[in-house]
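Student: Could we go through this model together and ask what earns each feature its label?
Tutor: Gladly, let us take the labels in turn.

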Amino acid sequence: MAKQSSTLAALPRAEVCAYWVLSFGSHLYSFYQLHIFSKEHEAGLERQFQLEKGFLIWGHKKDPTDFEWSFWSHWARKSLLWTLLGHAVVSRLASFFIPKFRVTALLAYGLLVACCAVGIKGLGVVLGHLGLSLAVAQLCNPALSWSCALLLLSTLHIPQLQEIQRSWYQTEEEYYLLLFSVAVCGLRFISFSLEHCWRPLEAGGLQQQVYWLTAYSFYHPLFFNGPILTFKDFLQQMQVPVKDRGARITFLSLLANAGRICVWWLIAEYMIHLMYMHTIQANETYLEILPPWALGGLALALVQFFYVKYLVLFGVPSLLAGLDGLAPPKLPRCVSIMHSFTGMWRHFDVGLYHWLIRYIYIPLGGSHHGLLWKMLSTALAFGFVCFWHGGHDYLQYWALMNWVGVLVENGVTILISSPLFYPSIERCISPAMRRRCLALISAFSTAMLILSNLIFLGGNHVGRIMWKRVFIQGWCTVAPPMLAFLYCFAQIGLEWEHNPP
């Protein structure tokens, strides 16, 4: 709705304040109800899922069942915080003493840390993928580069290879660190290969290509988990001499950003101390007996925790990348003010979104070759994300819901903005009422967006039970108040977009 959104009407201040109060109030009350339910069923949850002893709040246990948070917390305590600090020290010393060889110093440090983290054999796997991607890229054929990349990524899901790689390590955590590293590096190899196919001379001769691809792939802050930065952006920004960089990050700014990350970490930890949402979502019995407010609190807590988690996981590497003169993608936007599938993809994982647009959507024609090509380009983008995450059945449902959601939103936008309808809408409905109608439509879109995210985070059973309890059993008792609160969230999102703080 580009035509309408550019002239979004202002609402009375009292109305906007009411939306803020209802939004915050619904979050806090639903979280409180989920906390009460968690404490009432703590003994049963502990027997089934082994809750850990809490360390932030006296007398509270901790829900350790979010795999990503537990996994990266383990590695942060074990080595990552120290190696990231070491990267910052190496970068500062190299910039001061050997500015011409700064990239070389960071490359060597990244290789050393990767070798220590995933072992010689794991490093060999990454270098093998790098070498094959580089060799195929020399043919300057995007189709061959894509075929090679998909083949290499598919090796991550071959059971026989998985067993061989598991045998290299003593713990599952070490194997998964290799798995994540190879998957994220796969995106970098695709980025390099396609950029080379389109502009063969940009990275120089073969020796320079090997140098820059290795520096790009093993840049330590982004190596294990991202966020994703394209090869073109990395090359251009790293080639800027230290003396020619713009204003440096001040110590106070650095301290403020680090403090903000610590606050996000504390919020995430408090959430899993006060609400056992991950253990509850794993048990269908608890999902069936959750009171309505606690059920809404569970949905909000799961997506909010996902958001705060990635503020931390992307915030730390982005902070270090900024110190090196890179411009990392923006951090995720709060999911509570996301009111469309399109907005979620644009503003949550910004790096992945730009990667998908540049390397899949635009090369396939995007919106410039008609509706059919737009649908195909979008489908293949979502299909690749599903494949990259593992291609499991719940991921297929999630990708399908997102594809349909984006298409429906675009279709409604085109329909309402068309000369057939828009003049009548503009003539008969006031600007303020048009905004309220937009928020109402967005409430339905947000409901489906949250449902798709719950499938992504918890699996098909979570989505199935949520659908049954909200839209089938609770169609007249649960769904209407839920949509009313989502309407308030959408209004806050619209206000935030058009009047950012």
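What follows is a conversation about a predicted model.

Student: What makes C140 "partly exposed"?
Tutor: C140 has a relative accessible area of 31%. Buried means under 20% and exposed over 50%, so C140, at 31%, falls in between and is called partly exposed.

Student: What is remarkable about the phi of C140, and where is C140 placed?
Tutor: Most residues other than glycine have a negative phi. C140 is not a glycine, yet its phi is positive, about 55°. You will find C140 in the loop between α5 (102–137) and α6 (142–154).

Student: Which peptide bond here is cis, and what is its omega?
Tutor: Look at the bond from G226 to P227, where omega is near 10° and the bond is cis. In general, most peptide bonds are trans. P227 sits in the loop between α10 (220–223) and α11 (231–238).

Student: Why is the link between E68 and K309 called a polar contact?
Tutor: Their side chains are joined at 3.0 Å. The cut-off for a pair of N or O atoms is 3.5 Å, so 3.0 Å falls within it. E68 belongs to helix α4 (residues 67–97). Setting aside neighbours within four places in sequence, E68 is also in contact with F306 and Y310.

Student: Which residues of the largest nonpolar core touch the most other members?
Tutor: That core has 140 residues, and F234, M277, L290, L298, W355 and F384 touch the most other members. Its largest share, 19 residues, comes from helix α15 (residues 292–323).

Student: What does L290 touch?
Tutor: Not counting residues up to four places away in sequence, L290 touches L34, F37, I280, L295, L298 and R469.

Student: How many cavities of 30 Å³ or more are there, and how much space lies in the largest?
Tutor: The count comes to five cavities, and about 80 Å³ of space lies in the largest. A cavity is a place where a 1.4 Å probe fits but cannot get out.

Student: Which residues line the largest cavity, and which helix supplies the largest share?
Tutor: The lining consists of L300, V303, V335, S336, M344, T446, L449, I450, N453 and F489. Helix α21 gives the largest share, four residues, while α15 and α21 (431–458) each supply at least two.

Student: What classes of residue make up that lining?
Tutor: Seven are nonpolar, three are polar and none is charged. S336, T446 and N453 count as polar because they are in neither the nonpolar nor the charged list.

Terms used
Residues numbered from 1 in each chain as written. Predicted model: local features only at pLDDT ≥ 70, side-chain atom pairs only at ≥ 80, totals over all residues. Heavy atoms only, no water. Core = buried A, V, L, I, M, F, W, Y, C linked by side-chain atoms within 4.5 Å. Buried < 20%, exposed > 50% of the residue type's maximum accessible area, 1.4 Å probe, protein only. Contact = heavy atoms within 4.5 Å. Polar contact = N/O pair within 3.5 Å; in protein donor to acceptor, adjacent residues only side chain to side chain. 1 Å grid on protein atoms, 1.4 Å probe; cavity = no way out; pocket = protein on both sides within 12 Å on 5 of 7 lines; lining within 4 Å. Points joined across faces, edges and corners; volume = space filled by probe spheres on them.
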